[in-house]
Amino acid sequence: NIGDHMKRDKTTTCLLALIIILSTAITAQQYQVYLLNTQIGQLNKLQQWLYKNYGVSSIEELKAKLTQEIEGRYRGNPFVTSLYPGQLQAENITGMHWYTYLSGSLYNRTDVLAYPEQTATFIIFKDSAGNVCAKNTTSGQIQYGGAWDAGGVDGANASAVMQAVIDALTDGGKVFFQQGTFTFSTFISLPQDSGGEYDRPVIISGSGWSTILTRNTDGPIFKLQKGTYRVRNIIFRDLMFKDGGQAGEILFFNGSDRIRIEDVCFRFSTKTAYAIYAEDTWDVVVYGVLFHGGGNESTAMVRLVSTDDATCNNWRFEVCRWERGTIYNSTAIASERGGSKRNHNIHILNSKIHGALDATFKARAVVFNGTQWSSVRDTWICHHFPVDGVIFVDADSSKIELSGLFIASSSAISNPNSFLSIYGDYVSIDKIISEGAPTQIVLLQSTSTGCYVANGTIIDTTGGVTKVTDNGSGNTIENP
């Protein structure tokens, strides 16, 4: 009937509506599942990123780690940005100390940058209280000295701090001194190599002549002493050395090899101090160095001594471009034979030597004693008092070249015996200009043989001077 038919239509409609509702619900659920899966994927990516960059797997762990880092910082620091991902500290680029919490310890960080390759292995400086600090530039820590005597080394003792630094350079390295005055009470012993050609090379450098290394006791500041092996491959650069009113050499070399002294000033206040004592030493180059004497010294600025040590002698000692070799000094270079061995290859080039101002010593500018294969070239020499040979070549020396020299005497000098006094053999003398009133410019003594004098290029600007006197035999003098 009609009523039953209508009931069935309603039931069918309800079922269709229910199916539509259920289909819609299922579609919505599927969409929610899709969204959830998408979020889970994003969270997984975030977790991977957190782990990769910070070593954590959740936001909570990251917050805890950042809290620990911030609590570990010195709160006065305005800079907190890491220089690379994962770095737990930032560096001080204004000169202020930073403190970073790493592995449960506070580290004093004073580097300009965090972990770049540094130009020095250690930096030595004084803090505001005058303590000497040696900072390891790799770790950024004060490794030796300071107010708290880091490394068990007394921060008030510059010698102890420097020796600790040198001993730590097992593979060599560079030590940089900041500006200031550092006073040494005992000498610093530089390391021997271990038998290799270039083991343990060391550079000791400063901030120019505002870095002053001085002493409060007699004896050297740096000592290079041969033992089982040599001390070699050492460079001193951009420093000023002062004698501190004490006696003896500043730098002592024994059995050393390949030493460089560059752009250094030696400043003296005492008569008994000298700059370099090199005994049985090879291959020393002094470049662009000022030796400033204190006046009236009786010893040489540089003493080169050969002994009977069969393993070494002064081989290839060169003083290159020795600017103003000395001021108020008695003897600039003294090459001394201390045994059966001779000195070899000692060269003074493009230099200026200002002789002594004390008539008592009547000292020479350059002395060759027991020396071979050496020269003084293109050098200006001024002397102030009479002496037998401003440049002196003894009878045990031979094969010396003197060339391109300007030799002057001050108004205080009166009739010096000679500017060049030659006792040795095979000395070549050429291109000499003199100004003053010596008895003669070149005096060839009775022991000299085989010498060559280009008399035509020996000029006295004051006139009336005997240019060459030959008391020897077998010498060649070319007259103009």
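The legends below describe close-up views of a predicted model.

**View 1. The whole protein, with 3 helices and 36 strands.**
The protein has 480 residues, and buried residues make up 48% of them. Its accessible surface comes to about 22,400 Å². Carbon and sulfur atoms account for 54% of that surface. Among contacts between residues at least 6 apart in sequence, 74% join residues at least 24 apart.

**View 2. An open sheet of 5 strands.**
The strands lie in the order S7-S10-S13-S16-S19, and their pairing is parallel. At the edges are strand S7, residues 180-184, and strand S19, residues 290-292. Each of these two edge strands pairs on one side only. From one strand to the next, the twist averages 15 degrees.

**View 3. The pairing of strands S16 and S19.**
Strand S16 covers residues 265-267. It is joined to S19 by 3 bridges, and the two strands run parallel. Phenylalanine 266 has phenylalanine 291, in S19, as its bridge partner. S19 is also an edge strand of the open sheet.

**View 4. Tryptophan 380 in strand S27 and the residues it touches.**
Strand S27 spans residues 371-383 and contains tryptophan 380. Is tryptophan 380 buried or partly exposed? Tryptophan 380 counts as partly exposed because its relative accessibility is 28%, and the partly exposed class lies between under 20% for buried and over 50% for exposed. Leaving aside residues up to four places away in sequence, tryptophan 380 touches Ser351, Lys352, Ile353, His354 and Phe406. One of these contacts is with isoleucine 353. Tryptophan 380 and isoleucine 353 are 27 residues apart in sequence, while their C-alpha atoms are 6.2 Å apart in space.

**View 5. A nonpolar surface patch that includes tryptophan 49.**
Leu43, Leu46, Trp49 and Ile59 make this patch, which has an area of about 380 Å². Which helix gives the largest share of the patch? Helix H1, residues 2-54, contributes that share, with 3 residues. Tryptophan 49 is found in helix H1. Its relative accessible area is 45%, so tryptophan 49 is partly exposed.

Definitions and conventions
Residues are numbered from 1 along each chain as its sequence is written. This is a predicted model: local features need pLDDT of at least 70, side-chain atom pairs count only at pLDDT 80 or more; totals for chains, interfaces and linings use all residues. Side-chain values use heavy atoms; hydrogens and water are left out. Two strands pair if DSSP finds at least two bridges between them. Helices (H or I, at least four residues) and strands (E, at least two) are DSSP runs, numbered from the N terminus. Axes are lines fitted to C-alpha atoms, for helices over the stretch in contact, and angles run from 0 to 180 degrees between N-to-C directions. Buried means under 20% relative accessible area, exposed over 50%, partly exposed in between (1.4 Å probe, protein chains only). Contact means heavy atoms within 4.5 Å. Patches are made of residues with over 30% relative accessible area and no salt bridge: like charges are joined within 9 Å, nonpolar side chains (Val, Leu, Ile, Met, Phe, Trp, Tyr) within 5 Å. Accessible areas come from the Shrake-Rupley method with a 1.4 Å probe; for residues, only the protein chains shown count as cover. A salt bridge is a side-chain nitrogen of Lys or Arg within 4 Å of a carboxyl oxygen of Asp or Glu.
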